[in-house]
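Biologist: Could you take me through one part of this model closely, the sheet with a helix packed on it, and then carry on to the neighbouring topics of helix contacts and burial? Keep it informal, but give me the cut-offs.

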Amino acid sequence: MSKLFNEKIHKYLNDIYKPLLNKDEIQELSNKVYDLFPNISENQDTSDWSKEDVFLITYGDSLIQKNQKKLQTLNEFLNTYCKDFLTSIHILPFFPYTSDDGFAIKDYHKVREDLGSWEDIISMSKNFKIMSDIVINHASSESMYFKNFLNGDIQYEDFFTTTDNEKEYEDVIRPRTSKLFKKFIVNNHEKSLWCTFSHDQIDFNFKNPNVLIFFLKILKLYLDNGIKIFRLDAVAFIWKEPFTSCLNLPQTHNIIKLIRAIIDYSGKETMLITETNLPDHENLSYFGEYDEANAIYNFGLPPMLLWTMAMGDSTVIRKWLMSMPPAKEGTCYLNFIASHDGIGLRPTEGILTDDQRTDLVEIMKNFGAQVSYRKNKNDKDLPYEINISLLDAMKGSKLGEDHLQVERLLCIHTIMLGLEGIPALYIHSLIGSENDYELMDKNQNKRSINRSQLEYNYLKKVLSDTRTKNYKIFHQLKKIIQLKRKQNGFHPNATQFTFNLGINFFALWRQSLDKKQSIFCISNITNVFQYLDLSEVNLIATENWTDLITGEKIKDIQETLAVKAYQTLWISNV
């Protein structure tokens with residue numbers, strides 16, 4: 001076993017538990033970790049990503065077909081439609097659960113019976129890298145783990161977070177409006193249990209090292225079943241200390257470092273991603289010093305792009321991107337616009353004003369959006385996220401609805417695909433799904449508005465009909481992604497500079513790691529054509545320039561181009 005691995009593990013465990021465990025107990029805990037991973041590599045493998053990497057985010061049951069397990073249906077869709085432009089699939093929690101569409105897990109060890117089995121996950125992993133959630137903050141109140149805890153099973157003693165004094169936690173930052181604590185009878189005594197997200201989702205107690213070992217065993221199980229990429233769900237909340245916000249605490253960061261070390265030494269192409277829907281400066285802290293997340297979700301991007309498209313003004317996103325640091329060595333951003341959750345508004349804090357956030361919310365409500373709220377310290381409800389399908393969010397702008405919905409959707413994705421980082425597309429954005437009010441009402445969950453379950457036969461029909469929005473969106477996005485994957489200038493860590501071409505254009509420059517390719521990504525983010533003066537782009541006269549998307553050559557680097565509403569140019573010298 002690697003000596004360096006042993007040293008890292010012992011150090012991180014010491015940093016986490018030194019105030020709680022003595023020297024011998026920490027060594028014993030270290031030995032348990034070593035025993036869990038006896039076949040660890042001698043050398044640390046770092047994640048290797050490229051211009052070709054593109055993620056799909058999907059539920060295991062986003063597509064359904066009669067008399068077929070749902071993971072088999074998903075696998076059929078992926079192999080038929082996606083194998084030539086997607087590399088990695090984030091399958092949202094596919095375990096038995098009780099609520100929150102999979103995020104209140106009853107059993108971390110099993111694949112849901114209606115979805116399939118571990119064999120289906122392994123089958124998918126032959127053609128795609130699979131990302132799985134580790135729902136690390138909480139478990140279902142109906143789980144065996146929590147029931148055993150309530151019944152006083154010694155194996156689960158102190159497995160979940162309790163308090164005898166709720167007033168010690170008045171500074172906690174909440175992502176929900178529900179009460180933080182719920183009373184339960186624990187081994188014949190009433191206790192207040194932590195419920196960060198809902199009263200069906202009970203927070204684990206990581207001060208008990210057996211909880212950490214529990215999750216490391218889960219990590220090993222997933223590695224053994226073909227999973228390479230791990231998303232730590234709601235990880236920012238996992239450690240609790242009185243009289244603090246209980247958010248982003250040092251112990252949390254050290255637990256992430258521990259998991260990262262195990263993943264790095266467990267084989268090639270592994271990757272750790274943290275899910276921390278927080279203001280940018282907090283989110284960026286999860287890169288650590290090259291030793292925490294390989295990638296962090298770029299949570300500021302969705303609301304910034306939504307604001308830009310709604311306003312037809314690039315000022316805010318330009319200034320925001322100019323202030324964003326390039327990802328550190330060995331790390332990258334995971335860029336996305338939509339996901340199974342809503343479009344979070346917390347990352348706009350300090351970027352948009354309260355009035356601007358209100359304006360954005362009202363525009364989206366005009367397009368059918370729902371809004372979820374959270375409580376602040378003063379018990380006031382604040383907008384937390386906008387719940388809407390991305391296609392419906394693109395119905396129009398601040399001027400109202402128009403006929404440019406598809407063009408706007410394609411534009412916002414093309415902007416994302418040009419940015420530093422790895423792009424991730426949500427399945428319902430890729431195939432052009434609309435707001436699902438029926439499912440939202442059925443589940444009594446605002447997020448369900450963008451979590452449709454589509455009949456696979458229906459999807460095949462609309463993806464083959466050139467008249468449908470679904471066809472136009474899917475096939476054009478596929479084309480642009482395939483083009484993107486050929487460009488060295490779009491490596492996730494290629495140089496990026498944002499520049500100012502006025503409020504009507506969003507523009508940036510990407511340069512390949514070997515400095516040979518430059519790509520100027522320029523999007524008209526308004527609903528009318530705009531004139532682009534190429535002299536402002538600083539194209540080098542000795543190079544030959546071409547718009548990669550249209551294939552048209554630039555004849556004169558001083559000329560003025562007419563750029564259509566929501567058209568994007570990728571002007572490249574290669």
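Modeller: Here is a walk through the sheets, one helix pair, and a few buried spots.

Some ground rules come before the details. This is a predicted model, with local features needing pLDDT of at least 70, side-chain atom pairs counting only at pLDDT 80 or more, and totals for chains, interfaces and linings using all residues. Residues are numbered from 1 along each chain as its sequence is written, and side-chain values use heavy atoms, with hydrogens and water left out. Helices (H or I, at least four residues) and strands (E, at least two) are DSSP runs numbered from the N terminus, and two strands pair if DSSP finds at least two bridges between them.

Now the part you asked about. Five strands make an open, antiparallel sheet, ordered S21-S22-S23-S27-S25. The edges are S21 (495–499) and S25 (546–547); each has a single partner strand, so one side of each has no neighbour in the sheet. S21 is joined to S22 (residues 505–511) by five bridges, the two running antiparallel, and Gln496 has Arg510 in S22 as its bridge partner. Helix H10 (residues 315–323) packs on this sheet, touching S21 and S22, with its direction about 145 degrees from that of S21. Contact here means heavy atoms within 4.5 Å; axes are lines fitted to C-alpha atoms, for helices over the stretch in contact, and angles run from 0 to 180 degrees between N-to-C directions.

There is also an open sheet of three strands, S14-S16-S15, again with antiparallel pairing. S14 (343–344) and S15 (370–375) are its edge strands, each with a single partner, so each has one side without a neighbour in the sheet. S15 pairs with S16 (residues 381–387) over six bridges in the antiparallel sense, and Lys375 stands opposite Asp381 in S16. The helix packing on this sheet is H11 (residues 354–366), which touches S15 and S16 and makes about 45 degrees with the direction of S16.

On to the helix pair. The axes of H13 (residues 405–418) and H17 (residues 469–484) come within 10 Å and cross at roughly 20 degrees. H13 and H17 are therefore roughly parallel, a label for angles under 35 degrees (over 145 is roughly antiparallel, 65 to 115 roughly perpendicular, and the rest oblique). Among the residues making the contact are Leu409, Leu410 and Leu417 of H13, and Ile473, Leu477 and Ile480 of H17. By class, the contact has eight nonpolar, four polar and three charged residues.

Last, burial, meaning under 20% relative accessible area (exposed is over 50%, partly exposed in between, with a 1.4 Å probe and protein chains only). Eleven of the eleven residues of H9 (residues 301–311) are buried, so H9 is largely enclosed by the rest of the structure; Trp307 is one of them. Gly312 follows H9 and has a positive phi, near 65 degrees. Strand S10 (residues 227–233) is mostly covered, with six of its seven residues buried. S10 pairs in the parallel sense with S4 (residues 129–135) over six bridges, and with S11 (residues 271–274) in the parallel sense over four. In the loop between S10 and helix H7 (250–264) sits Asn248, which has a positive phi of about 60 degrees although it is not a glycine. Asn248 counts as buried at 18% relative accessibility.

Terms used: Ala, Val, Leu, Ile, Met, Phe, Trp, Tyr, Cys and Pro count as nonpolar, Asp, Glu, Lys and Arg as charged, and the others, Gly among them, as polar.
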